[in-house]
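Here are some friendly notes to read with the structure open beside you. Take the points one at a time and look up each residue as you go.

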Amino acid sequence: MPAMPGPVADEKSALLAFLSQQRQNLRTIAFGLTDDQARSTPTVSALSVGALIKHVTACEASWVDRIAAAPGHPAADQIPFEQAVATYADQYTMTAEDSLAGLLADLDAQEAATQRIVAAAELDAPVPVPRSAPWFPQDVEAWSVRWVLCHVIEEAARHAGHADIIRETLDRATWFELMAAADGMAETPWLKPWKPANARSSPAPPAPAQP
């Protein structure tokens, strides 16, 4: 897996490539975790690595649905407020029914949907501003598809950083070590691929008996 996006041909491919890289960062952070570890909340935050993957996927889906529905509003804007709040809250919890493999599969599926919908969209096309939360501006009628993609990249990057800290708190694994392990890189003096705790060192052989 590359450590950074590859060459890009134009603005749209650049936006999609940098968004894809942030998703890949989340996959890297989750590498080697069990479901219990992915569900764990070892910091003062109530969030887990799994919950952050779940939220990033849902967040991207909601914004891409707005691109697809433009110049109208998506159907989700019509659901009752209480239902919207419950749905939103569920994004921040990796439940007992969720598995890390399932959450990563959802992330993969959303990536494919985003690629398909954005490929057919014009970057300058207007996307109506939601009116469902107080932080959305009241004096702006629409953003562009370009703006929406920049915002989704911002969201994914911020939460990937959050997940990075949670993962390091779990088992001291850092992103470069995890990337090296996931990519099967050879160990170097300055980059050692991550290994599970029980495989990091073998017990030393017993010292020979003294005569």
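1. Start where α7 ends: the helix is followed by G184, whose phi is positive, near 70°. Please keep in mind that this is a predicted model. Helix α7 itself covers residues 175–182, and its buried residues are W175, L178, M179 and A180. What do these buried residues pack against? Their partners are α1 and α6.

2. Now turn to those two partners. Two packed helices are described by the angle between their axes and the distance between the axes. For α1 (residues 11–30) and α6 (residues 145–171), the axes come within 9 Å and cross at roughly 20°. Angles under 35 degrees count as roughly parallel, and α1 and α6 are therefore roughly parallel to each other. Their crossing is left-handed.

3. Which residues build this contact? From α1 come, among them, E11, L15, F18, L19 and Q22, and the α6 side includes R146, L149, C150, V152 and I153. Sorted by character, the residues of the contact of α1 with α6 divide into 14 nonpolar, three polar and four charged.

4. One residue in this region deserves a closer look. R167 lies in helix α6 and is also one of the α6 residues in the contact with α1. Is R167 buried or exposed? Its relative accessible area is 0%, and buried means under 20%, so R167 is buried.

5. What does the side chain of R167 reach? One target is the backbone oxygen of I29, at 2.6 Å. In addition, the backbone oxygen of F31 lies 2.7 Å from a polar atom of the R167 side chain. Leaving aside residues up to four places away in sequence, R167 touches I29, A30, F31, L33, V49, R172, A173, L178 and W194. You have met L178 already, as one of the buried residues of α7. For a sense of scale, R167 and Q110 are 57 residues apart in sequence and 23 Å apart in space, C-alpha to C-alpha.

6. A second helix pair is worth comparing on your screen. Helix α3 (residues 49–69) and α5 pack at an angle of about 20°, with their axes 9 Å apart. That makes α3 roughly parallel to α5. The crossing of this pair is left-handed.

7. In this contact, the α3 residues include G50, I53, K54, T57 and E60, while L100, L103, L104, D106 and L107 are among those of α5. The residues of the contact of α3 with α5 divide into eleven nonpolar, four polar and four charged.

8. Helix α5 also holds A109. How accessible is A109? With 48% relative accessibility, A109 counts as partly exposed. The C-alpha atoms of A109 and A61 are separated by 10.0 Å, although the two residues are 48 residues apart along the chain.

9. Finally, where is D98? D98 sits in the loop between α4 (81–90) and α5 (100–119). With a relative accessible area of 17%, D98 is buried. Its side chain reaches the backbone nitrogen of T95 at 2.9 Å. Not counting residues up to four places away in sequence, D98 touches R39, K54, T93 and L103. Two of these names should look familiar: K54 belongs to the α3 side of the contact with α5, and L103 to the α5 side.

Definitions and conventions. Residues are numbered from 1 along each chain as its sequence is written. This is a predicted model: local features need pLDDT of at least 70, side-chain atom pairs count only at pLDDT 80 or more; totals for chains, interfaces and linings use all residues. Side-chain values use heavy atoms; hydrogens and water are left out. Axes are lines fitted to C-alpha atoms, for helices over the stretch in contact, and angles run from 0 to 180 degrees between N-to-C directions. Helices (H or I, at least four residues) and strands (E, at least two) are DSSP runs, numbered from the N terminus. Angles under 35 degrees count as roughly parallel, over 145 as roughly antiparallel, 65 to 115 as roughly perpendicular and the rest as oblique. A crossing is left-handed if the near helix is turned anticlockwise from the far one by less than a right angle, and right-handed if clockwise. Contact means heavy atoms within 4.5 Å. Ala, Val, Leu, Ile, Met, Phe, Trp, Tyr, Cys and Pro count as nonpolar, Asp, Glu, Lys and Arg as charged, and the others, Gly among them, as polar. Buried means under 20% relative accessible area, exposed over 50%, partly exposed in between (1.4 Å probe, protein chains only). A polar contact is a pair of N or O atoms within 3.5 Å; within protein, one must be able to donate a hydrogen and the other to accept it, and residues adjacent in sequence count only if both atoms are side-chain atoms.
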